Amino acid sequence: MTEIRVKNTMYKLSNFYDVEEYLSNEHKNGHKFLRYEIKLFSGYFIFEECEPADVIYKLDYNEVKKDEIQNYVVHFKDFGWEYVGSKGYFALFCQENKEDAIEDDIFADNLSKAEMCKRITMTKTSLGTLGASIFCVIPTILNMFPDTVRITVLPLSFTIYIIFMIRNLIHINKLKEYIDNFSNPIELIELENKKDKSRVK
């Protein structure tokens, strides 16, 4: 099968609902997801051609140790979920959308979903703190170089830092919105209805 490489210009893995929906729609169009690659600061979804099918994709975020991966995968397999692969702390599972499926979600309840969002938020917050620390050190390091280098590098690094922080804050706010939705039954129903409608299309 010929692999299809699609550059990711829209999605972050932390926006898990969007990623899950995207992968499910691609499978309906005859593109089975294989893996996610990062090259030269760009992310790529790798697919292969397949028979169109209604497949549900679900992302989990957990710091699973190497010696625990097998048990982790088997746990989801017992509930009908096939392990697709991992990238960082994200693990992807899928199953065909059938009426007799044991579960249509990898999470037992909304509290579990909220806990996953909190774990991602903590990681994003830590990255933001790390980014701020690195940026504070840059001016000191640049003092070792000529003025021409400082004039060029400092504004560039500042711009990169601002873009990184803005994107990070957007993702954190989105995750907090999910957490609030999982705590509010009415908003959660509206969110699930939007997701189901998009699957039908």
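**Exercise 1. A salt bridge within one helix**

In this predicted model, find the salt-bridge partner of Lys 118 and give the distance between the closest N and O atoms. Then state how the two residues are placed in helix α3.

Solution.
Step 1. The partner of Lys 118 is Glu 115, and the closest N and O atoms are 3.6 Å apart. The cut-off for a salt bridge is 4 Å, so the pair qualifies.
Step 2. Lys 118 and Glu 115 are three residues apart in helix α3, and therefore about one helical turn separates them.
Step 3. For burial, the partly exposed class lies between 20% and 50% relative accessible area. Lys 118 has 37% and is partly exposed. Glu 115, at 34%, is also counted as partly exposed.

**Exercise 2. Salt bridges of strand β4**

Which side chains meet those of Lys 58 and Asp 60 in salt bridges, and which elements do these pairs tie together?

Solution.
Step 1. Lys 58 meets Glu 20 in a salt bridge, with an N to O distance of 3.8 Å.
Step 2. Lys 58 belongs to strand β4 and Glu 20 to helix α1, so this pair ties together parts that are 38 residues apart in sequence.
Step 3. Both Lys 58 and Glu 20 are buried.
Step 4. The side chain of Asp 60 meets that of Arg 119, at 3.9 Å from N to O.
Step 5. Asp 60 is in strand β4 and Arg 119 is in helix α3, so the parts tied together here are 59 residues apart in sequence.
Step 6. The two members of this pair are covered to unlike degrees: Asp 60 is buried, with a relative accessible area of 4%, whereas Arg 119 is partly exposed at 28%.

**Exercise 3. The salt-bridge count**

How many salt bridges are there, and which residues are linked in a network of them?

Solution.
Step 1. The count comes to five salt bridges.
Step 2. The network links Glu 3, Arg 35 and Glu 37.

**Exercise 4. The open sheet**

Give the strand order of the three-stranded open sheet, and determine which strands stand at its edges.

Solution.
Step 1. The order is β4-β6-β5, with antiparallel pairing.
Step 2. β4 and β5 (82–87) each have a single partner strand and stand at the edges, so each has one side without a neighbour in the sheet.
Step 3. From one strand to the next, the twist averages 25°.
Step 4. β4 and β6 are joined by seven bridges. Within this pairing, Ile 56 has Gln 95 of β6 as its bridge partner.
Step 5. β5 and β6 are joined by five bridges. Here Ser 86 is partnered by Ala 91 of β6.
Step 6. The connection between β5 and β6 is a hairpin with two residues between the strands, and Gly 88 in the turn has a positive phi of about 65°.
Step 7. As for burial, six of the seven residues of β6 are buried, so this strand is largely enclosed by the rest of the structure.

**Exercise 5. The nonpolar cores**

Which residues touch the most other members of the largest nonpolar core, and which elements give two or more residues to this core?

Solution.
Step 1. The largest core has 32 residues; Phe 16, Leu 23, Phe 33, Phe 45, Tyr 57 and Phe 93 touch the most other members.
Step 2. Two or more residues come from each of the helices α1 (16–28), α2 (69–77), α3 (110–142) and α4 (147–183), and from each of the strands β2 (31–39), β3 (42–49), β4 (55–61) and β6 (90–96).
Step 3. A second core of five residues is separate from this one; Phe 135, Ile 138, Tyr 161 and Met 165 are among its members.
Step 4. For the protein as a whole, buried residues make up 36% of its 201 residues.

**Exercise 6. A nonpolar surface patch**

Which residues make the nonpolar surface patch of about 340 Å², and which element gives the most to the patch?

Solution.
Step 1. The patch is made by Leu 127, Leu 130, Ile 134 and Phe 164.
Step 2. The element that gives the most is α3, with three residues.
Step 3. Phe 164 is located in helix α4. Its relative accessibility is 33%, so Phe 164 counts as partly exposed.

**Exercise 7. The order of elements**

How many helices and strands does the protein have, and what pattern do they follow along the sequence?

Solution.
Step 1. There are five helices and six strands.
Step 2. Along the sequence the pattern reads β-α-β-β-β-α-β-β-α-α-α.

Technical notes
Residues numbered from 1 in each chain as written. Predicted model: local features only at pLDDT ≥ 70, side-chain atom pairs only at ≥ 80, totals over all residues. Heavy atoms only, no water. Core = buried A, V, L, I, M, F, W, Y, C linked by side-chain atoms within 4.5 Å. Buried < 20%, exposed > 50% of the residue type's maximum accessible area, 1.4 Å probe, protein only. Helix = DSSP H or I, 4+ residues; strand = E, 2+ residues; numbered from the N terminus. Patch = residues over 30% accessible without salt bridge, like charges linked within 9 Å, V, L, I, M, F, W, Y side chains within 5 Å. Areas by Shrake-Rupley, 256 points an atom, 1.4 Å probe, with all protein chains shown as cover. Pairing = 2+ DSSP bridges. Axes fitted to C-alpha atoms, helices over the stretch in contact; angles between N-to-C directions.
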